[in-house]
Amino acid sequence: MNDKLVFLGLLYFVQGIPYGLQSSLLPVYLRGAGHSLTRIGFTKILYFPWVLKVLWAPLIDRVGSKRRWLVGTVSGLALTCLSSAALAPEAQIWGVASTLLAMNTLASVQDIAVDGAAVSLLKGRGELGLGNTAQVVGYKAGSVFAGGGLLAVIDVAGWSWMFLLLMFVYAGVALFVWGAPVLDEETLRGQQADGSRRGVQGGDAVRPWRVWRKLLAVPGTPWTVLYVLTYKLGEQGAVTMFPLFLLDHHMTARELGFWNGVIAMGFSICGSSLGGLLLAQFSIGALMRRVFVLRTISMVFQSSLLTVLEPSPLMKGMAVLSMSVQHFLGGLITTITFTTMMHCTQRAEESIQATHYSFLATLEVLGKLTFSALAGGMVDWFGFQVAFLFFLTLSAGTALHVWTATFTGALREHQHKEQPK
């Protein structure tokens, strides 16, 4: 089990690096250069490959091994970083956007392959909880490394050295995956099943609507689809806009890089880690019901801080506390959510599991991406206070949706069948 966790955690770590570059480093850089919140919000379009990944997920399910897809994509990320090192971001902003788009494309393909490997490798509720903890913690650690750590690197060594460092990180991981013994079992199983899968999948390739019907017919999929599209909306708006409010009124870019890019994300990782431990002991439904209510309460506290515009040590302390609590609860919710998604996917037949999980993961990204792109425009039009009131309303609505589902909806099954050990 430890080999599986190290393998998954490392791959999700390097997958989180592009997200950290865009979510933490790029907004602070652009805001410091005087760009509007609306323009910063529209940089989320660089995440678009994550929305499209469900289109090529069936190809990754059918062609080649997971090992080859993983080595190929991670090696491609290393080469992209090498080309990025030659750019001057102040004069070649479109070149920077192109390289980040390429990194997101390669990372999204890698995500399909590693998710498919995780669904195959993880067995039982205990392994699912710990495996999804490795997934979320690894991804967020990569995001912290890129958004917080690399913000310090670029400040000291410059743009080129930062991307050269990333190139060596990706190259090392590609070599690790090439020789990883944990994939030997997956490769052998894939070779044994290949003959029986080709006939069925060949027919599905000619008639792709069959695959979509299979995806939607998996038990629990309709509720899970609605849930993953909406569960992060209010939180995502607050997490995206609150640091920029602090940048405008209370903190410098360097302070934000430390408190939001490192400390708050550290709390997020702690929350994700705790989620895996709690899932081994308690039902998904009970955890979700309580944590979503706590998240709504934390957003009430954060929204109240928007009325304090004058900088002060007390305000900075309250802001750091608010971001830390919000990220802690967000990390906990993310681990629970990805475990719920994987539970649902494991009910699908093996030949479409990677596609099914990628379908759910794509919708999860789509919900967050769409709202993040619009959140900046909402603040520019209506102001921080009105926008955060809307974010709070969305969060409360999601809490009510989850609370109802634990008693009368899809989560009722988890509530009664997965009692504490």
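**Stop 1: Asp111**

Start by selecting Asp111, which sits in helix α5, residues 93-121. You are looking at a predicted model, so treat each stop on this tour as a feature of that prediction. Is Asp111 buried or exposed? Its relative accessible area is 5%, and because buried means under 20%, Asp111 counts as buried.

Now show what surrounds Asp111. Setting aside neighbours within four places in sequence, the residues in contact with Asp111 are Tyr12, Gln15, Trp50 and Lys53. Then add Ala354 to the selection and draw a C-alpha to C-alpha distance: Asp111 and Ala354 are 9.9 Å apart in space, although 243 residues separate them in sequence.

**Stop 2: the whole chain**

Zoom out and switch to a cartoon. The secondary structure amounts to 17 helices and zero strands. Colour by burial next: of the 421 residues in the chain, 56% are buried. If you draw a contact map, take the contacts between residues at least 6 apart in sequence; 85% of these join residues at least 24 apart. Finally, turn on the surface. The chain has about 17,300 Å² of accessible surface, and carbon and sulfur atoms account for 70% of that.

**Stop 3: helix α4**

Select residues 66-84 for helix α4, which has 19 residues. From first C-alpha to last, α4 reaches 27 Å, close to the 27 Å expected at 1.5 Å a residue. Which residues of α4 are buried? Highlight Lys66, Arg67, Leu70, Val71, Thr73, Val74, Gly76, Leu77, Ala78, Thr80, Cys81 and Ser84. While you look down the axis, recall that an α-helix has 3.6 residues a turn, so residues three or four places apart point the same way.

**Stop 4: helix α12**

Move on to residues 253-279, helix α12, with 27 residues. Its first and last C-alpha atoms are 37 Å apart, close to the 39 Å expected at 1.5 Å a residue. Where is the kink in α12 centred? Select Met265: the kink there is about 25 degrees.

Stay in this helix and pick Glu255, then add Lys316. Their side chains meet in a salt bridge, 3.2 Å from N to O. Glu255 lies in helix α12 and Lys316 in helix α14, so the pair ties together parts that are 61 residues apart in sequence. Both ends have some accessible area: Glu255 is partly exposed at 25% relative accessible area, and Lys316 is partly exposed at 27%.

**Stop 5: the salt-bridge network**

By the rule used here, the count of salt bridges is three. As background, side chains of opposite charge can pair when their charged atoms come close. Select Lys232, Glu235 and Arg295, which are linked in a network of salt bridges. Glu235 takes part in two pairings that you can check in turn:

- Lys232 with Glu235: the side chains meet at 2.6 Å, N to O.
- Arg295 with Glu235: the side chains meet at 2.9 Å, N to O.

Why does the second pair tie together separate parts of the sequence? Arg295 lies in helix α13 and Glu235 in helix α11 (residues 233-249), so this pair joins parts 60 residues apart. Check the burial too: Lys232 and Glu235 are buried, and Arg295 is buried as well.

**Stop 6: Gly330**

Keep Lys232 and Glu235 displayed and add Gly330, which is in helix α14, residues 313-345. Leaving aside neighbours within four places in sequence, Gly330 is in contact with Lys140, Lys232 and Glu235. At 2% relative accessibility, Gly330 counts as buried. For another distance, use Phe267: its C-alpha is 9.4 Å from that of Gly330, with the two residues 63 apart along the chain.

**Stop 7: a nonpolar surface patch**

Finish on the outside. Turn the surface back on and select Val293, Leu294, Ile297, Trp403 and Phe407, a nonpolar patch with about 470 Å² of accessible area together. Two elements give two or more residues to this patch: α13 (284-304) and α16 (384-408). Which of them gives the largest share? That is α13, with three residues. For a last click, choose Phe407 in helix α16; its relative accessibility of 43% makes Phe407 partly exposed.

Conventions: Residues numbered from 1 in each chain as written. Predicted model: local features only at pLDDT ≥ 70, side-chain atom pairs only at ≥ 80, totals over all residues. Heavy atoms only, no water. Helix = DSSP H or I, 4+ residues; strand = E, 2+ residues; numbered from the N terminus. Expected span 1.5 Å × (residues − 1). Bend = angle between axes of the 7 residues up to and from the residue. Patch = residues over 30% accessible without salt bridge, like charges linked within 9 Å, V, L, I, M, F, W, Y side chains within 5 Å. Areas by Shrake-Rupley, 256 points an atom, 1.4 Å probe, with all protein chains shown as cover. Salt bridge = Lys/Arg side-chain N within 4 Å of Asp/Glu carboxyl O. Buried < 20%, exposed > 50% of the residue type's maximum accessible area, 1.4 Å probe, protein only. Contact = heavy atoms within 4.5 Å.
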